[in-house]
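Thanks for coming, everyone. I'll take you through one model, piece by piece. Have it open on your screen.

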Amino acid sequence: MSAAVPVRPTAVAPTILEVENLKKWFPIRRGLLRRVVGQVRAVDDVSFTIRRGETLSLVGESGCGKTTTSRCILRALTPTSGAIRFRTEAGRQVDVAVLPKTELRPLRRQMQMIFQDPFSSLNPRMTITDIIAEPLLVNGVRDLEERRRRVRELLDLVQLPAAYMNRFPHAFSGGQRQRIGIARALALNPALVVADEPVSALDVSVQAQILNLLLDLQDRLGLSYLFVAHDLSVVKHVSDRVAVMYVGKIVELAPTAAIFARPLHPYSEALLSAVPVPDPRRRRQRIVLKGEVADPSNPPPGCHFHPRCPYAIDRCRGEEPALRQLANGHLARCHRAEELSLGGVQEGGETRAPKVRAAAH
Amino acid sequence: MAEPILSVRGLQTWFHQDEGIVRAVDGASFDLEPGRTLGIVGESGCGKSVTARSILRIVERPGRVEGGQILLRRADGRVTDLARLDGQGREMRAIRGGEIGYVFQEPMSSLSSFHTIGNQLIEAIRLHAALGKRAARERGVELLSLVGIPRPAQRIDSYSFELSGGLRQRVMIALALAAEPRILIADEPTTALDVTTQAQILDLIRRLQDERDLAVILITHDMGVIAEMTDDVVVMYLGRDVERGPVDAIFHEPKHPYTRSLLRSIPSVLATPRSRLRTVEGSIPHPYNRPAGCPFHPRCPDAMPGLCERSLPGAVALGERREASCFLHEKPASGATAPVPTLLEPRA
Amino acid sequence: MSTVLDAAPAPVTTVAEEKVAVATQLQLTWWRFRKHKVAVASGVIVAFFYLVALLADFLATIGPHATDAARSYIPPQEIHWFDEDGSFRPHVFALKGKRDPRTFRLVYAPDPEDKRYLVLFGQGYAYEFLGLFPTSRHLVGLDRGNPEEALFLLGTDQLGRDFWSRLVLATRTSLVIGLAGVALSLFLGVLLGGISGLYGGWIDTVIQRLIEILRSIPTIPLWMGLAAALPASWSVLQIYLAITVIISLIGWTELARVVRGRFLSLREEDFVTAAELAGASRMRIIFRHMVPSFLSHIIAAVSLALPAMIISETTLSFLGLGLRPPAISWGVLLQDAQNIQALGIAPWLLLAAVPVIVVILAFNFLGDGLRDAADPYG
């Protein structure tokens, strides 16, 4: 279904966020004296940009580093190294990674987060008015009436009745709580919203409501989203561009249509192949990867994906590939990207079968 | 058409809580045929997990199977109503594992951390077969190899926490198949796993089904998994089955408004990027607040005022193996619904 | 079908549903607590005991320090509830001393000719009611004559002191020491546990190791050592306070662990992160977000720590290391009952153990009920 989608300004809009060589390593400590014996390379040299008004999705399985990346961007975690350049309302570029704490607070107004778990993201002891108004209160809006007015405005924006203002979170369903979380995130009119798996914990029929809401809000308010998810179907519905992560690195970054139709990295191909398609007539031979997701504290040498990759050659075992630009806006981290012809999913049409099939483990 | 190996009729499982009675399952009926996969799909509160646990009579207290029939055709041909058996009794224990295997949702918490997987496997094997320890252990290694665990002879002595999620789920499957059951019930077997691991596990289940001619009941909320894995589907909502049929018919000719709304609202990799989804209005009611009449009527785009909020629609046969519980399909004059022929008659 | 977001219609809610929806966590906790009959009953019992403690002097009948060797080991007096004519007029028979012809000991026995009726608000020894004004009215008295002649509801001890009055006053002492001890533990526990949980790092390590060291020392020898170190010349009050402090020095560790655990887990909660990201100050996060979350746990922990304090004091005093005469507490009373002679002759002295058991049990049930109400899933 090609709904009338507003023209996307993404191609020419200015960049609002520029992440460069971001690293976040967690030390592993052993022994009585807590000596450092290793590092968990949760985020290992990640770079991407987000333009104003666009949605970039970070996709990957457990341990890939997408959640850690999202927390670094908001400085909920302090990066080990790298730069996170954010363009403020005033037009200045600030590096969030190294900003002193005092300057961080005013900046926080412009970047907010939507959390995954609707049950732990709201303080059960505060009314939803207090929850939504808190960002206003701590940022200087002293007048109670002013805050309440704004809360009503926000509740309207997320389609919750104002009659619920005095209720506590326990009175709401999961989907409604997510709406409250979204209202809170929007209270200060942020330019960038980091959504950390915002629909993973919701029922399917409610997911659709929240996804639509996020898209509508983006159009209305000109928001930029960094969308973290593990579900590729959800990603297809909300993203302009998609970054696939594996064990702390971005292995592919491309516009949505391109990456789904014709991925350039074998892991992306395997991910797409693994997603069950809700149409029994589209059953296909799937690529079943062997082995388990690599351990970020001890990743394989060379290309981290090589032990599971159906196309691996000797070079992959020894030499780590760089993230290279291969087509317009399409980057992949694979030595063989140019020569492989990988299969993806076409909208509504035939599924492009993968050329090289892997043995079922 | 083969006779079903398992037939559930009008199953009711209620939870008697202080605040009231929660009718987790309140009228579920479906058939499972040998060698085929039946998918039970629904969202939270629909009762799919409770249905599966009711079949094996392992519903946790204060839940109880209150009514209905669970007809199992045994290996020797006779039919037993599991709902009538003593839940703790000998016969039911022999059936658990021996005739029906169960794979749990959370591999992390469903395996004991205090015993090696070998211990658990051998226990399961010896409960249903008179084998000595050595022979049981050999069988255990065979089973591990069957489910694709590398180096099974060494792994059999590992503890569950030493294994990854995918491997643990394979062990769960091995446990479920230890006593060579003819039916396998898998309750959301891949929900807690990564998508590539999910592909591995589903692939494994399908292969095992082919090799052993298992009848599989697959419980999930993921319509994609249903489309990939099942032959027949039961759609549940708030404790009742609202539609049944072959998977192709369910996806391409859904008859119940809930099924239609659900199919329209699921995100899909086949969609146009950034396309809006059609939503189902409202949210799933709290079990204490069951709507009167048809449980779906407050959210139904086709609700008929005066009828749907007052009466409960019965199951209407719409073809071979095809049923929907909706007044849209009922013949208004007769009022009563055409009863679905029971394929399995309970014999004394 | 329109692709515009389907608005959630304002549902019709019943008054009861609305009440639940706007109920604070405190109200929900109270409603859950009310359902536990045993816990509620225990709460009533605890409240009753503290009432007794408050009105101790009023409930006593005879001066607790009034000794009279002649009245030693008198058994509890029988109260006759009905007169000969059947009317409800409780009375006792006054005690008259008679010399036993064989041992020449003065033996007191009830004199059936000397009937004294029990009255409410009778006269007795002088005291200050709640420390406010002097009076000599007590709950129960005699219609004529001195209570010291006739009213020994629970008998006397070896020194001829009225056991009932001593028991009532002991209740006050023991319960108050319990409270004071817990208050001190609470302060130390929340402070150190909070610092530990919030800041982590080396300060957390130091505090945790300290707690572990303290907890690994066997308590009774530790108390013995500390109590023995108290100068004998100290006044009763000073010793009283010192005992409280000694008991609290160990008691705070349990509370500190609970508080630290809660802070640690709360730090990771999404709603705390959300507040941080909104720009909330550290203070606000601690007091607005974290403290209310574990307040109920603290209350439950406190109500379970109180019985421990009471037992500690009773134990210490029973061993002769805590409060000593002339101070009166349950432990002191039990010490009097420590010898075979007493058990053989005056078994009623063991009644001092009864309130201890009842109060401890009641506190435990109350604490369990509070804890379950506060955190049904914890």
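Let's start with a question: which residues of H1(A) are buried? Here is the list: A:Lys66, A:Thr67, A:Thr68, A:Thr69, A:Ser70, A:Arg71, A:Cys72 and A:Ile73. That is 8 of the 8 residues of helix H1, residues 66–73 of chain A, so the helix is largely enclosed by the rest of the structure. Buried here is a neighbour count: 20 or more other C-beta atoms within 10 Å of the residue's own. After H1(A) comes A:Arg75. The phi of A:Arg75 is positive, near 60°.

One caveat before I go on. This is a predicted model.

Next, strand S3 of chain A, residues 55–59. S3(A) is mostly covered, with 5 of its 5 residues buried. Both of its faces are covered. On one side sit A:Thr55, A:Ser57 and A:Val59; on the other, A:Leu56 and A:Leu58.

Now the partners of S3(A). Strand S8 of chain A, residues 224–229, pairs with S3(A) in the parallel sense over 5 bridges. Strand S9 of chain A, residues 241–246, also pairs with S3(A) in the parallel sense, over 4 bridges. Look at A:Val59. In S8(A), A:Val59 stands opposite A:Ala229. In S9(A), A:Val59 stands opposite A:Val244.

Staying in chain A, there is an open sheet of 4 strands. What is the order of its strands? Read it as S2-S1-S4-S5, with antiparallel pairing. The edges are S2, residues 35–51, and S5, residues 93–95, and each of these pairs on one side only. On average, neighbouring strands of the sheet are turned by 25° against each other, direction ignored.

Zoom in on one pair of that sheet. S1(A), residues 15–30, and S4(A), residues 81–87, are antiparallel partners over 5 bridges. For a concrete position, take A:Glu18: its bridge partner in S4(A) is A:Arg85.

On to the interfaces. First up, chains A and B. How many residues does the contact take from each chain? Chain A gives 51 residues and chain B gives 41. On the chain B side, four helices each supply at least two residues: H8 (195–212), H9 (223–229), H10 (247–252) and H11 (257–265). H8(B) gives the most, with 6 residues. By class, the side of chain B that touches chain A has 17 nonpolar, 16 polar and 8 charged residues.

Then chains A and C. Here 33 residues of chain A are in contact with 27 residues of chain C. Which elements of chain A give two or more residues to that side? They are helix H2 (101–108), strand S6 (111–114), helix H3 (128–138) and helix H6 (204–221). H6(A) has the largest share, 4 residues. The class split on the side of chain A that touches chain C is 15 nonpolar, 9 polar and 9 charged.

Last stop, inside chain C. Helix H6, residues 163–199, and helix H9, residues 236–267, have axes that come within 6 Å and cross at roughly 40°. H6(C) and H9(C) are therefore oblique to each other. Their crossing is right-handed. The residues of the contact of H6(C) with H9(C) divide into 18 nonpolar, 10 polar and 2 charged.

To recap on the opening question: every residue of H1(A), 8 of the 8, is buried. That's my tour. Over to you for discussion.

Key. Residues are numbered from 1 along each chain as its sequence is written. Chains are lettered from A and ligands numbered from 1 in the order in which they are written. This is a predicted model: local features need pLDDT of at least 70, side-chain atom pairs count only at pLDDT 80 or more; totals for chains, interfaces and linings use all residues. Two strands pair if DSSP finds at least two bridges between them. Axes are lines fitted to C-alpha atoms, for helices over the stretch in contact, and angles run from 0 to 180 degrees between N-to-C directions. Two residues are in contact if their C-beta atoms, placed from the backbone, lie within 7 Å. Ala, Val, Leu, Ile, Met, Phe, Trp, Tyr, Cys and Pro count as nonpolar, Asp, Glu, Lys and Arg as charged, and the others, Gly among them, as polar. Angles under 35 degrees count as roughly parallel, over 145 as roughly antiparallel, 65 to 115 as roughly perpendicular and the rest as oblique. A crossing is left-handed if the near helix is turned anticlockwise from the far one by less than a right angle, and right-handed if clockwise. A residue is buried if 20 or more other C-beta atoms lie within 10 Å of its own, exposed if 12 or fewer, and partly exposed in between; C-beta atoms are placed from the backbone.
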